[in-house]
Amino acid sequence: MFYSPVITNAKEAATNKNFHLFTYVEDPEQHKLEKYESHGGYKVWKNVLVSMKPEKVIEEVKKSGLRGRGGAGFPTGMKWGFIPKSSPKPKYLICNADESEPGTCKDRVLMERDPHGVIEGMAISAFAIDCHLMFIYIRGEFGHCIERMEEAMKEAYNKGHLGKNIHGSGYDLDMIVHTGGGAYICGEETALLNSLEGERGQSRMRPPFPAIEGLYACPTIVNNVESLFAVTHIIKNGGEWYASLGTEKSKGTKLFSLSGHVKRPGNYEVEMGFNLKKMIYDPEYGGGILGDKKLKGVIPGGASTPFLTPDMVDVALDYEALQGIGSMLGSGAIIVFNEDTCIVWVIKKLIHFFRHESCGKCTPCREGTGWLEQMIDRIEAGHGQQGDIEKIEEVCGNILGRTICPLGDAAVMPIQSAIKHWRDEWLYHIENGKCMVETHFEFK
């Protein structure tokens, strides 16, 4: 049995030309090739093979302003442009479907409900970088996603959308579905590459960057599921169309996973720049706080992003606006907490996760996350000591920016913001040996 979160604006997406990712996800037959092709599936892929050059595909994606939807937000077309054309080595495309950021559950919906859309976007992207073998790296716990992607891949091979001399174009493209072991660190692209090669999932030093020396020391592009899914629609409608959506620097639409203490949790597709407060309170979206309680805090982009307080949520959901108030868009996982939530308890849960998921390669992260977990556990259990908060801040400062990959930063940024915004709550725990929130609501 698998759980797929509710998708509450799919009908709107189906009738709005500005939406594209969720247009058909509520069609129970969309995962089958016949239904996908009835909606125009693989027509863009055929057109690319017949009438476009790789350079033109890259040009359109650059023109669109598409930025990576996995969390980093790096311009996708620019990333593709780093592939050295003169390299005699094979080039690889990898779809990052690890989706390991807590609170994020958007990519799994695309894989489960529209897997051919993922494959078509991957194929067009592979063509753009002269790749003839592409991989999709799927999180090990996503059993249903793995089944759907493997079924769709077989159908695509049987219909001639993958394989040798695709549709008589002379272009060959093969695909491999690879299952990961369920490690958070493997969502980071270089750790993913190590895992794919059969090595331990640990991040690599950069440079060289994957575009120069990635999988098997060959030029490699790693993109998120959502990013690659959008490519088909960009090529179909043009880069300028996509760039007309969203804000000046954050283009297109974005999938947001809304969870926590809201009345209507689920995945929502909106244009970049959509208002966070509206996302939480509008009846068409979050519908307000569960139990009509007061809002206490929001994590806007996944568990690794800094908290926002109620007076900060009237903000645009885009890279620049959230960065401007001290947080990040991240993967687009919005987690809402009501007034009954103990922030120290939340941080205890988060640091336990990040300590467990640290790959152990970097000393600050390996040792520091363990120290943080011990101190925060002690405070939450009612045994905090004077000076603990300052010690936590010191340890956080010695981790931030001092690790090979961003996991160390991800572990400490929520802690730093939680202390900054709710320091009184931490002090109450230490001075009184208990939580200042009487009901101490936990979600199951």
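Is T369 buried or exposed? In this predicted model, T369 counts as buried because its relative accessibility is 0%, below the 20% cut-off used for that label. The residue sits in helix α15. Leaving out residues up to four places away in sequence, its contacts are I351, R355, S358, P364, I399 and A411. Two of these names come back below: S358 turns up in the lining of the largest cavity, and I399 is among the buried residues of helix α16.

On to the cavity, then. Searching the whole structure for cavities of 30 Å³ or more turns up just 1. The volume of the largest cavity comes out at about 80 Å³. Its lining is made up of I185, S203, S358, C359, K361, C362, C365, T403, I404, C405, L407 and G408. Sorted by type, that lining gives 7 nonpolar residues, 4 polar ones and 1 charged one.

Helix α16 covers residues 388-399, 12 residues in total. From its first C-alpha to its last it spans 17 Å, close to the 16 Å expected at 1.5 Å a residue. D388, I389, I392, V395, C396 and I399 are its buried residues. Looking down the axis of α16, these buried residues stay within an arc of 125°, so they line one face of the helix. The background here is simple: an α-helix has 3.6 residues a turn, so residues three or four places apart point the same way. As for partners, the buried residues of α16 pack against α15 (363-380), α17 (407-421) and α18 (423-432). After α16 comes G401, with a positive phi near 75°.

Helix α3, residues 43-51, shows a comparable layout. V44, W45, V48 and L49 are buried there. Viewed along the axis of α3, the buried residues fall within an arc of 140°, so they too line one face of the helix. On the face turned away from that buried side sit the exposed residues K43 and V50. The buried residues of α3 pack against three helices, namely α4 (54-64), α7 (115-128) and α10 (225-237).

The backbone has some unusual spots as well, and several of them fall in the loop between α9 (189-196) and β4 (220-224). P207 belongs to this loop, and the peptide bond leading from R206 to P207 is cis, with omega near 0°. P208 is in the loop between α9 and β4 too, and the bond joining P207 and P208 is again cis, with omega about 0°. A217 lies in that loop as well and has a positive phi of about 60° despite not being a glycine. With a relative accessible area of 29%, A217 is partly exposed. A second non-glycine with positive phi is D292, at about 55°. D292 is in the loop between α12 (276-281) and β7 (295-299), and at 63% relative accessible area it is exposed.

Two more buried residues round off the picture. R148, in helix α8 (residues 143-158), is a charged residue by type, yet it is buried at 18% relative accessible area, given that the label applies under 20%. Setting aside neighbours within four places in sequence, R148 is in contact with H31, M111, E112, R113 and P115. Its C-alpha is separated by 24 Å from that of G71, which is 77 residues away along the chain.

L308, by contrast, belongs to a loop, the one between β7 and α13 (319-324). L308 still counts as buried, at 0% relative accessibility. With residues up to four places away in sequence left out, L308 touches L276, K296, G297, V298, P300, L322, I325, S327 and W422. Between L308 and G182 there are 29 Å in space, C-alpha to C-alpha, and a separation of 126 residues in sequence.

Methods:
Residues are numbered from 1 along each chain as its sequence is written. This is a predicted model: local features need pLDDT of at least 70, side-chain atom pairs count only at pLDDT 80 or more; totals for chains, interfaces and linings use all residues. Side-chain values use heavy atoms; hydrogens and water are left out. On a 1 Å grid over the protein atoms alone, a cavity is a set of points where a 1.4 Å probe fits but cannot get out, and a pocket is an open set with protein on both sides within 12 Å along at least five of seven lines; lining residues have an atom within 4 Å of a point. Grid points are joined across faces, edges and corners, and a volume is the space filled by probe spheres set on the points. Helices (H or I, at least four residues) and strands (E, at least two) are DSSP runs, numbered from the N terminus. The expected span of a helix is 1.5 Å times one less than its number of residues. Buried means under 20% relative accessible area, exposed over 50%, partly exposed in between (1.4 Å probe, protein chains only). The arc is that of the directions from the helix axis to the C-beta atoms. Contact means heavy atoms within 4.5 Å.
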